[in-house]
Amino acid sequence: MSGFATFRQFEQAGWEKAAAEYDRRFGELTMQAAGPLLDVVGAAPGVRLLDVACGPGHVAAAAARRGSSAVGVDFSSEMVALASAQYPDLEFRLGDAEGLDCENESFDAVVMNFGMLHLAHPEDAIAEAFRVLHPGGRYAFTVWDVPEKAIGFGIILGSIQSQGNMDVPLPPGPPFFRFSDPEASKQTLMNAGFLNAQTLQISQVWKMESGDVLLESFRNAAVRTAALLHAQTPSALKKIREEVIARAEKFRRGDSIDLPMPAILTSALRPAS
Ligand SMILES: C[S@@+](CC[C@H](N)C(=O)[O-])C[C@H]1O[C@@H](n2cnc3c(N)ncnc32)[C@H](O)[C@@H]1O
């Protein structure tokens, strides 16, 4: 076990707690990436697809609607229970992205929607995806674009930076935005033996009624950013809230605040032999 073992426990405990709220706050947003993700892996009738870090199960369900035989895996029992309750006809398993309990070469497609940035050892998860993919199978994952472009992150992190304290004790983990860099993502996949690594940016919009909803979404439905917010003093949090609301208002369109939240989609092919 590397030094990130504590980070893994922190993430797992966080997701057990945040599961239902995550689905309520982020579900519609992260589902916007499902179409492009399933397109690049060729999800279609007859395709055996594994959705790793499946959370509430929406991507697996979208793959099943395309006729693929989809299985979801997540290390949070609350997420697996939520996914199973929402999609009782699909199979969701408790399992670790970094050590999948799946046969070698047993899937035609493996996807991970917004999971990579939560892993203690992303390279292990990528190696596992390679192992369980059939030769010629396709892998794809999404992460958030950098905070300058994924505005919800920009507003929250910028407000903490100016009104609070970024330097609070959190379990050390891999850089949150590492895979937002297309070149770094492609290189990591190629180092793992994948071919034809490609990236594309997906436009997504997060709609909400107020900046307060943005703050509460990160406080109650995330893990690392939630811990950062929970570590602020009450007076700093009050100022952070005011700044978040003011910054978010700049994106108001009528009744709704529309925040650009683009994702970076990276995909690659396991060589045919
Ligand atoms: C941001 S959520 C994404 C959920 C879902 N894929 C979606 O599109 O909304 C991250 C998910 O990754 C899961 N996760 C994090 N680390 C994991 C690991 N090592 N193995 C399996 N699941 C993991 C969490 O439990 C959580 O459900």
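In what order do the seven strands of the open sheet stand, and is the pairing parallel, antiparallel or mixed? The seven strands follow the order 3-2-1-4-5-10-6, and the pairing is mixed; the views below start from the whole chain and then return to this sheet and its surroundings. This is a predicted model, in which local features need pLDDT of at least 70 and side-chain atom pairs count only at pLDDT 80 or more, whereas totals for chains, interfaces and linings use all residues. Residues are numbered from 1 along each chain as its sequence is written, and side-chain values use heavy atoms, with hydrogens and water left out.

**View 1. The whole protein, with its 10 helices and 10 strands.** Helices (H or I, at least four residues) and strands (E, at least two) are DSSP runs, numbered from the N terminus. The radius of gyration, taken over C-alpha atoms, is 18 Å, close to the 19 Å that the globule rule (2.2 Å times the number of residues to the power 0.38) gives for 273 residues, so the protein is as compact as a globular protein of that length. Along its principal axes the C-alpha trace spans about 60 × 45 × 35 Å. Of the 273 residues, 54% count as buried, where buried means under 20% relative accessible area, exposed over 50%, and partly exposed in between, with a 1.4 Å probe and protein chains only. The protein exposes about 11700 Å², of which carbon and sulfur atoms supply 53%; accessible areas come from the Shrake-Rupley method with a 1.4 Å probe, and for residues only the protein chains shown count as cover.

**View 2. The open sheet of seven strands, with mixed pairing.** Its edge strands are strand 3 (91-94) and strand 6 (195-202), each of which pairs on one side only; two strands pair if DSSP finds at least two bridges between them. From one strand to the next the twist averages 20°, with axes as lines fitted to C-alpha atoms, for helices over the stretch in contact, and angles running from 0 to 180 degrees between N-to-C directions. Strand 4 (residues 107-113) and strand 5 (residues 133-144) run parallel and are joined by six bridges, and Val-111 stands opposite Ala-140 in strand 5.

**View 3. Leu-50 in the largest nonpolar core.** A nonpolar core is a set of buried Ala, Val, Leu, Ile, Met, Phe, Trp, Tyr and Cys residues joined through side-chain atoms within 4.5 Å. This core has 93 residues, among which Leu-50 and Tyr-139 touch the most other members, and helix 1 (residues 5-30) gives the most to it, with eight residues. Leaving aside neighbours within four places in sequence, the residues in contact with Leu-50 (contact means heavy atoms within 4.5 Å) include Val-71, Leu-100, Phe-107 and Val-111.

**View 4. Ala-197, a residue of strand 6.** Ala-197 counts as buried, at 13% relative accessibility. Not counting residues up to four places away in sequence, Ala-197 touches Lys-186, Leu-189, Met-190, Ser-267 and Ala-268. The C-alpha atoms of Ala-197 and Ala-70, which are 127 residues apart along the chain, are separated by 23 Å.

**View 5. The open sheet of three strands, in the order 7-9-8, with antiparallel pairing.** Strand 7 and strand 8 stand at the edges with a single partner strand each, so one side of each is left without a neighbour in the sheet. Strand 7 (residues 205-208) pairs with strand 9 over four bridges; Val-205 stands opposite Pro-260, and Lys-207 has Asp-258 as its bridge partner. Strand 8 (residues 252-253) pairs with strand 9 over two bridges, and here Arg-252 stands opposite Ile-257. Strand 8 and strand 9 form a hairpin with two residues between them, and Gly-254 in the turn has a positive phi of about 70°. Four of the five residues of strand 9 (residues 256-260) are buried, so this strand is largely enclosed by the rest of the structure.

**View 6. Helix 8 (residues 211-220), lying across strand 7 and strand 9.** This helix runs at about 110° to strand 7. Seven of the 10 residues of helix 8 are buried, so the helix is largely enclosed by the rest of the structure; among them are Gly-211, Val-213, Leu-214 and Phe-218. The buried residues of helix 8 pack against helix 1, helix 6 (151-163), strand 7, helix 9 (224-230), helix 10 (234-249) and strand 9.
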